[in-house]
Structure formats: C-alpha cells, structure tokens
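These notebook entries record what I looked up in one structure, in the order in which I looked.

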Amino acid sequence: MDLQEQLKKLFPNHEPSTEKEAVDIKNHELFIQSTPIICKYEKRKGKATTIIESYEGSDEDFKILAKEIKTKLSVGGTFKDGAIIIQGDYRDKIMKLLQDKGFKTKRVGG
C-alpha cells in the first residue's frame with residue numbers, strides 16, 4: 001500500500017491540488033571588498049585550525065560565507081568574534097573558493 005492510498009483512507013473527502021507551489025529563491029549578494037581577506041593557520045589545543053578574518057562587510061554576510069565554506073569542504077567550524085574558524089588546515093582550498101567568488105586573499109602563517 002503506497003502513501004497515496006493511505007492518505008485517501010485517512011481523508012476520503014480530500015481533493016489533491018493540481019496547482020504548483022511558487023518557490024521564492026533569493027540570491028544573496030556578498031560585499032566584495034578591495035582589501036584582502038586574511039587566511040591564516042594556527043594550532044589551537046594541539047589541533048590545526050584555519051582562521052579567516054578581516055572581512056569588512058556585515059556579520060550576516062560573513063556568516064553566510066562561513067556556512068558556504070563549511071558545506072563545500074564538509075568540515076566543522078564556527079563564526080566567532082568577526083572570524084571564521086575552520087577545523088583543519090584548508091587554507092589553499094578556502095583561498096581558491098574565495099578567489100572564485102571575487103575576493104582577494106592573503107596567506108598568513110606556515
């Protein structure tokens with residue numbers, strides 16, 4: 001028994017809608033700054049971390065950028081005190097991703 005049959009038994013008077021739902025897709029524009037974003041490597045509590053800082057746009061834009069980086073690289077991380085902290089040494093990949101978006105980057109440390 002499939003789902004449609006089960007729904008018909010539960011709601012015999014219901015007529016399914018034939019109209020398609022309108023989906024509102026909002027494309028958010030990030031602020032592209034002229035000064036480079038600093039991408040540095042640190043060891044914190046013995047573990048490698050990549051820190052991205054010196055973004056001049058709004059914190060909300062930086063949080064969106066942090067989420068995008070974390071999902072594309074499939075890594076953990078956080079947004080804290082105006083910096084994105086990523087678990088592991090991913091400087092090269094993050095810098096490539098930021099450059100593809102139009103940002104200038106600067107590699108610091110190691």
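Entry 1. Surface patch.
I began with the term itself: a patch is made of residues with over 30% relative accessible area and no salt bridge, and nonpolar side chains are joined within 5 Å. I note also that the model is a predicted one. With that rule I found a nonpolar surface patch of about 430 Å², made by Leu3, Leu7, Leu10 and Phe11. I then looked up the place of phenylalanine 11, which is in the loop between α1 (3-10) and β1.

Entry 2. The sheet.
I asked in what order the strands of the open sheet lie. The five strands follow the order β3-β4-β2-β1-β5, and their pairing is mixed. At the edges I found β3 (77-80) and β5 (105-108), each of which pairs on one side only. From one strand to the next, the twist averages 25 degrees.

Entry 3. Pairs of strands.
I went through the pairs in turn. β1 and β2 are antiparallel and pair over seven bridges. Within this pair, arginine 44 stands opposite lysine 47 in β2. β2 and β4 also run antiparallel, joined by four bridges. Here I noted isoleucine 51, which stands opposite isoleucine 85 in β4. β3 and β4 (residues 83-87) pair in the antiparallel sense as well, over four bridges. On that side, threonine 78 has isoleucine 85 of β4 as its bridge partner. Isoleucine 85 therefore entered my notes twice, opposite isoleucine 51 and as the partner of threonine 78; I recalled that side chains in a regular strand alternate between the two faces of the sheet.

Entry 4. Helices against the sheet.
Which strands does helix α2 touch? I found that α2 (residues 59-73) packs on the sheet and touches β2 (47-53), β3 and β4. The direction of α2 makes about 15 degrees with that of β4. Helix α3 (residues 91-100) lies across β1 (37-44), β2, β4 and β5. Relative to β5, helix α3 runs at about 170 degrees.

Entry 5. Threonine 49.
Is threonine 49 buried or exposed? I located threonine 49 in strand β2. Its relative accessibility is 10%, and buried means under 20%, so threonine 49 counts as buried. Leaving out residues up to four places away in sequence, I listed what threonine 49 touches: Lys40, Tyr41, Glu42, Arg44, Ile85, Ile86 and Gly88.

Entry 6. Positive phi values.
I looked for residues other than glycine with a positive phi. Lysine 45 has a phi near 55 degrees and lies in the loop between β1 and β2. The two strands form a hairpin with two residues between them, and lysine 45 is in the turn. With a relative accessible area of 85%, lysine 45 is exposed. Serine 54 has a positive phi too, near 70 degrees. I placed serine 54 in the loop between β2 and α2, and at 30% relative accessibility serine 54 counts as partly exposed.

Entry 7. Salt bridges.
How many salt bridges are there? The count comes to eight, and I followed three of them. In the first entry of my list, glutamate 53 and lysine 40 meet through their side chains at 3.1 Å, N to O. Glutamate 53 is in strand β2 and lysine 40 in strand β1, 13 residues apart. Glutamate 53 is partly exposed, at 23% relative accessibility. These two residues also belong to a network of salt bridges that links Lys40, Glu42, Arg44 and Glu53.

Next I took lysine 101 and glutamate 68, whose side chains form a salt bridge of 3.1 Å, N to O. Lysine 101 lies in the loop between α3 and β5 and glutamate 68 in helix α2, so the pair ties together parts 33 residues apart in sequence. Lysine 101 is partly exposed, with a relative accessible area of 32%.

I closed with aspartate 92 and arginine 107, a salt bridge whose closest N and O atoms are 2.3 Å apart. Aspartate 92 belongs to helix α3 and arginine 107 to strand β5, so this pair joins parts that are 15 residues apart in sequence. Aspartate 92 is exposed, with a relative accessible area of 53%, whereas arginine 107 is partly exposed, at 39%.

Technical notes:
Residues numbered from 1 in each chain as written. Predicted model: local features only at pLDDT ≥ 70, side-chain atom pairs only at ≥ 80, totals over all residues. Heavy atoms only, no water. Pairing = 2+ DSSP bridges. Axes fitted to C-alpha atoms, helices over the stretch in contact; angles between N-to-C directions. Contact = heavy atoms within 4.5 Å. Patch = residues over 30% accessible without salt bridge, like charges linked within 9 Å, V, L, I, M, F, W, Y side chains within 5 Å. Areas by Shrake-Rupley, 256 points an atom, 1.4 Å probe, with all protein chains shown as cover. Salt bridge = Lys/Arg side-chain N within 4 Å of Asp/Glu carboxyl O. Buried < 20%, exposed > 50% of the residue type's maximum accessible area, 1.4 Å probe, protein only.
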